[in-house]
Amino acid sequence: MFYVPIKCNKTLFMSTLLTFTYSIIAFLGSSLDHTLRAQSVNLDLKVYLEGPYDASSGKMSTKLYELGYLPGMTPKAFFAEPVPFFDPYGDFYDQDLKSSTDGSDIYNDKSVDWIFVSIREATTGNVVSNQTVLLNEDGSINGSSIPNEKLSKLKKYIVVLAHRNHLPVQSTPIKLNNGKLTFDFTKSDIIGLKEKNKVMLMIAGNIDQTKTRSTRVINMEDVNTWRSANGKNSSYLREDIDMNGDVSVHDQSIILENLDLSTSVNINE
Ligand SMILES: [Ca+2]
Ligand SMILES: [Ca+2]
């Protein structure tokens, strides 16, 4: 009996070893990625605000970003009044809940404004999640998610949206779908939206939201609030309904167009 000597090719051996190692790393990476994704439910929402909505482009204005008026930004004009970073919806949170927002570098040229999103159990109304999220010009919101353990596949949820100068609105009950909570307010026929050029919009003009009642209605309190701010300019102003940085008669005309409109949606409950 004799042996045939096998010549070990060192280069081939190292190449095979490397390929094997990369395969293991890729496998572990994909598993980890899958695990991380499985731990949270994405919010897949779309909504238009009437104030900054431009029917000709089918998008919302990003003027506040362009001029540097969003909270925490440095305005482009020297005479403009910068607004320090803050959460416009801090009042809507329970005391132990914090904003998910931090800093001004989160903005980009698609940013319209902040919007408040509350996820609630449909049957009990219990709040699952409260978040302040950034709204983009196409109606989408910047990536936002909820930890998996807070939601059940067996339950239905409603999405409540609020904005600092629009009427709040809520979705119909929805279930989890492929790891997402999905609702398109721009195509919905729910009560509390307004149709313009075949899309549905959140109703503008609700600038006074100091009390539960005033949060739900556009009335003379909103007009009076606008009146006391008329002429203010070049900043992040609640009375600036079309979101061009200034408070003017055009903003008032939006309030008057929607006067006496109201909703039963309550963001504070
Ligand atoms: Ca109001
Ligand atoms: Ca304005």
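How many bridges join β4 to β5, and do these strands run parallel or antiparallel? In this predicted model, nine bridges connect the two strands, which run antiparallel. Within that ladder, V117 of β4 stands opposite Q131 of β5. The hairpin formed by β4 and β5 has five residues between its strands, and G125 there adopts a positive phi near 80 degrees.

The protein as a whole contains five helices and 11 strands. Of its 269 residues, 33% count as buried. Among contacts between residues at least 6 apart in sequence, 63% join residues at least 24 apart.

Strand β4 belongs to an open sheet of four strands, arranged in the order β5-β4-β7-β8 with antiparallel pairing. The edges of this sheet are β5, residues 127-136, and β8, residues 166-170, each of which pairs on one side only. Neighbouring strands are turned against each other by 20 degrees on average, direction ignored. Strands of a sheet pair through backbone hydrogen bonds, either parallel or antiparallel.

Besides its pairing with β5, strand β4 is joined to β7 by six bridges, and these two strands also run antiparallel. In this second ladder, S118 of β4 has V160 of β7 as its bridge partner. Strand β4 spans residues 111-121, and 10 of these 11 residues are buried, so the strand is largely enclosed by the rest of the structure. On towards the other edge of the sheet, β7, residues 157-163, is linked to β8 by three bridges in an antiparallel arrangement. Here H163 stands opposite H166 of β8.

A further open sheet consists of three strands in the order β6-β1-β9, and its pairing is mixed. Its edge strands are β6, residues 145-147, and β9, each pairing on one side only. The twist from one strand to the next averages 15 degrees. Strand β1, residues 40-46, is joined to β9 by five bridges, and the two run parallel. Along this ladder, L43 stands opposite L181 of β9, and K46 has D184 of β9 as its bridge partner.

In a regular strand the side chains alternate between the two faces of the sheet. Strand β9, residues 180-184, has a covered face made up of L181 and F183, while K180, T182 and D184 lie on its uncovered face. The bridge partners named above thus fall on both faces of β9: L181, opposite L43, is on the covered face, and D184, the partner of K46, is on the uncovered face.

Outside these two sheets, M60 is found in strand β3, residues 59-60. M60 counts as buried because 25 C-beta neighbours lie inside 10 Å, against a cut-off of 20 or more. Not counting residues up to four places away in sequence, M60 touches Y48, L49, P52, Y53, D54, V112 and E137. One of these contacts links residues remote in sequence: M60 and E137 are 77 residues apart along the chain, yet their C-alpha atoms are separated by 4.6 Å.

Two packed helices are described by the angle between their axes and the distance between the axes. For helix α4, residues 220-229, and helix α5, residues 249-257, the angle is about 175 degrees and the axes are 10 Å apart. At that angle α4 is therefore roughly antiparallel to α5. The contact involves D222, V223 and W226 of α4 together with D251, Q252 and I255 of α5. By class, three of the contact residues are nonpolar, one is polar and two are charged.

The buried residues of α4 are D222, T225 and W226. Viewed down the axis of α4, these residues fall within an arc of 100 degrees, so they line one face of the helix. An α-helix has 3.6 residues a turn, so residues three or four places apart point the same way. The buried residues of α4 pack against α5, whereas the face turned away from the buried side carries the exposed residues N224 and S228. Just after α4, G231 takes a positive phi of about 100 degrees.

Conventions: Residues numbered from 1 in each chain as written. Chains lettered and ligands numbered in written order. Predicted model: local features only at pLDDT ≥ 70, side-chain atom pairs only at ≥ 80, totals over all residues. Pairing = 2+ DSSP bridges. Axes fitted to C-alpha atoms, helices over the stretch in contact; angles between N-to-C directions. Buried ≥ 20, exposed ≤ 12 C-beta atoms within 10 Å, placed from the backbone. Parallel < 35°, antiparallel > 145°, perpendicular 65-115°, else oblique. Contact = placed C-beta atoms within 7 Å. Nonpolar A, V, L, I, M, F, W, Y, C, P; charged D, E, K, R; others polar. Arc of directions from axis to C-beta.
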